[in-house]
Amino acid sequence: MGDSMDDFTALLSCPVVVITITAGAFLLGQKLYILCKRFPLCHPIVIAAAAVTVFLEASGVSYAEYKNNTSILGMLLGTATVALAVPLYQQLHLIRAYARPLLITLVAGAFFAPASAVLLAWLVGANKTTLLSLAAKSVTTPIAVAVTESIGGIVALAAGVVIVVGIFGALIGPPILDRLNIQDKAVRGFTLGLVSHAVGTARAFELDPVSGAFASLGLALTGALTAIVIPLFWLLF
Amino acid sequence: MRGLFILLLFQTLGEVGSRVLGLPLPGSVIGMFLLLGTLMIIGHAPEDIDKCSQTLIQNLGLLLIPAATGFGYYLIEVQGQILPIAVAASLGTVLTILFTALLMNKLIQRNDNHG
C-alpha cells in the first residue's frame with residue numbers, strides 16, 4: 001500500500017506532469033487576473049504560484065523535485081532574456097529625443113534602487129545572502145535571476161522580491177506621481193518602468209501609450225545597466 | 001522556427017563567451033547585448049525574431065512560476081529575514097519612485113528652459 005502511494009507521488013513529480021500543472025496554473029492566473037480587472041495584486045504569477053503550492057502540498061511532491069523537473073523553464077527564461085534585446089532595440093529612438101534627462105535618471109535611478117534596498121535591509125538586520133538577493137530588486141525578473149545566480153544570491157528570493165516590488169510599485173506609483181503633481185508622460189512612464197519593470201510597464205500602458213513606451217525603455221535600460229554593473233561591482237569587493 | 005533558433009544561438013554564444021572569457025556577466029545577458037548589437041548593425045529587427053521574442057516575453061510569467069513558488073517556501077525557512085525583505089521591498093520602492101520621478105522631472109524642466 002505504501003509502495004503504491006510512493007509510485008503515485010513519483011508519477012506526479014515527473015516533468016510532463018509538473019510542467020502541465022504549471023502551465024494550467026498560469027492559465028488560471030491569467031483568467032482570474034482579467035476577472036479582477038487587472039488589479040496588480042491578482043497578478044497571474046501570484047495566483048499561479050499559490051496554485052502550484054497547493055498542488056505540491058496536496059501531492060507530497062517536494063519543492064526541490066518540482067524545481068528540478070521544471071528546469072527547462074529556467075533555461076527558456078535565459079532565452080527570454082536574450083529576446084529582451086528586440087524591444088530595447090525598438091525603443092532606442094526615444095532616447096534621442098530625451099537623451100540627457102533619460103540617461104542621467106537611468107544611471108542615478110538604477111544605482112539608487114539597489115543601494116536603497118540593500119542599505120534599508122542591512123539597517124534592519126539582513127544577512128549577507130539576503131543582501132545579495134536584494135541587489136537586483138528593480139530589474140526585470142529574467143535578468144534579476146541571471147545576475148543573482150552569478151553573484152551567489154538565492155534565486156527564489158530574488159525572483160520573489162522582484163515580483164513583489166513590481167506589483168507594489170505598480171499599485172502605489174501612479175498615486176505618488178499624482179500627489180507630486182508630475183504630469184509629464186515620459187517621466188511617469190520611465191519611473192514606472194525603472195522601478196517596477198514589467199508589471200509597472202503594463203500599468204503604464206494602461207494609463208497612456210506614450211508612458212508605456214517610456215516604461216518599456218526604462219525597464220530595458222535599467223535591466224541592461226544593472227546586468228553589467230552589479231556583477232562587476234561584486235567582482236571588485 | 002528560425003526566430004527561436006537565432007535566439008537560442010545568441011544564448012549559446014553568450015554562455016560560451018561568459019565561460020571562455022571568464023566574464024562575471026550571466027551568459028543570457030551577454031547574448032542579449034550581442035543580439036542588440038547585431039540588430040543595430042543590420043538596422044532592423046527581422047520579423048521572425050520579433051515574433052518569437054514577443055511570444056517569449058508575453059509568456060514570461062510561465063517561466064517564472066517555479067522561482068515564484070520557491071519564494072513562499074524560502075520565506076518559511078528564513079523567518080528572521082522577512083522584516084528586512086519587507087522593508088527593502090516597500091520603503092525602498094517608495095523612495096526609488098520619489099527619487100526617480102523628482103530627478104527626471106527637474107532634468108526635463110531644465111532641458112525645456114534651455115530650449
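**Note on the predicted two-chain model**

1. Across the interface of chain B and chain A, zero salt bridges are found by the rule. The model is a predicted one, and the reader may want to keep that in mind through the points that follow. Ten residue pairs are nevertheless in polar contact between chain B and chain A, both partners of each pair being at pLDDT 80 or more. The area buried between the two chains is about 6800 Å², and carbon and sulfur atoms give 82% of it.

2. As to which residues make up this contact, 66 come from chain B and 89 from chain A. On the side of chain B that touches chain A, the elements giving two or more residues are α1 (2-20), α2 (27-42), α3 (47-58), α4 (60-77) and α5 (82-113) of chain B. Among these, α5(B) gives the most, with 26 residues. The residues on this side of chain B divide into 46 nonpolar, 18 polar and two charged.

3. Salt bridges do occur elsewhere, for the structure holds six of them over all chains. One lies within chain B, where the side chains of B:Arg2 and B:Asp48 meet at 2.6 Å, N to O. B:Arg2 belongs to helix α1 of chain B and B:Asp48 to helix α3 of chain B, so the pair ties together parts that are 46 residues apart in sequence. With a relative accessible area of 27%, B:Asp48 is partly exposed.

4. Another salt bridge in chain B joins B:Glu47 to B:Lys51, with the closest N and O atoms 3.5 Å apart. Both residues lie in helix α3 of chain B, four residues apart, which is about one turn of the helix. An α-helix has 3.6 residues a turn, so residues three or four places apart point the same way. Are these two side chains buried or exposed? B:Glu47 counts as exposed because its relative accessibility is 58%, a value over the 50% cut-off, and B:Lys51 likewise counts as exposed, at 56%.

5. Chain A offers a salt bridge within a helix as well, since the side chains of A:Arg203 and A:Glu206 meet at 2.9 Å, N to O. Both residues lie in helix α11 of chain A, three residues apart, or about one turn of the helix. A:Arg203 is partly exposed, with a relative accessible area of 24%, and A:Glu206 is partly exposed too, with 41%.

6. A:Arg203 also appears among the contacts of A:Pro40, which, leaving aside neighbours within four places in sequence, touches A:Ile167, A:Ala170, A:Leu171 and A:Arg203. A:Pro40 lies in the loop between α2 and α3 of chain A, and it counts as buried because its relative accessibility is 8%, where the cut-off for buried is under 20%. The C-alpha atoms of A:Pro40 and A:Ala170 are separated by 6.9 Å, although the two residues are 130 residues apart along the chain.

7. The loop between α2 (15-35) and α3 (44-59) of chain A also holds A:Arg38, a residue whose backbone deserves a look, as its phi is positive, about 55°, although it is not a glycine. A:Arg38 is partly exposed, with a relative accessible area of 42%. A second positive phi in a residue other than glycine is that of A:Asn181, near 60°. A:Asn181 sits in the loop between α10 (155-179) and α11 (185-207) of chain A, and at 56% relative accessibility it counts as exposed.

8. Helix α3(A) has 16 residues and reaches 22 Å from its first C-alpha to its last, close to the 22 Å expected at 1.5 Å a residue. Its buried residues are A:Pro44, A:Ile45, A:Ile47, A:Ala48, A:Ala49, A:Val52, A:Phe55, A:Leu56 and A:Ser59. After the helix comes A:Gly60, whose phi is positive, near 80°.

9. A last residue to inspect is A:Thr222, placed in helix α12 (residues 209-236) of chain A. What does A:Thr222 touch, not counting residues up to four places away in sequence? Its contacts are A:Leu106, A:Ala110, A:Ser138 and A:Leu194. A:Thr222 counts as buried, at 2% relative accessibility.

Key: Residues are numbered from 1 along each chain as its sequence is written. Chains are lettered from A and ligands numbered from 1 in the order in which they are written. This is a predicted model: local features need pLDDT of at least 70, side-chain atom pairs count only at pLDDT 80 or more; totals for chains, interfaces and linings use all residues. Side-chain values use heavy atoms; hydrogens and water are left out. Buried means under 20% relative accessible area, exposed over 50%, partly exposed in between (1.4 Å probe, protein chains only). Contact means heavy atoms within 4.5 Å. Buried area is the accessible area (1.4 Å probe) that two parts lose on being put together, summed over both. A salt bridge is a side-chain nitrogen of Lys or Arg within 4 Å of a carboxyl oxygen of Asp or Glu. A polar contact is a pair of N or O atoms within 3.5 Å; within protein, one must be able to donate a hydrogen and the other to accept it, and residues adjacent in sequence count only if both atoms are side-chain atoms. Ala, Val, Leu, Ile, Met, Phe, Trp, Tyr, Cys and Pro count as nonpolar, Asp, Glu, Lys and Arg as charged, and the others, Gly among them, as polar. The expected span of a helix is 1.5 Å times one less than its number of residues.
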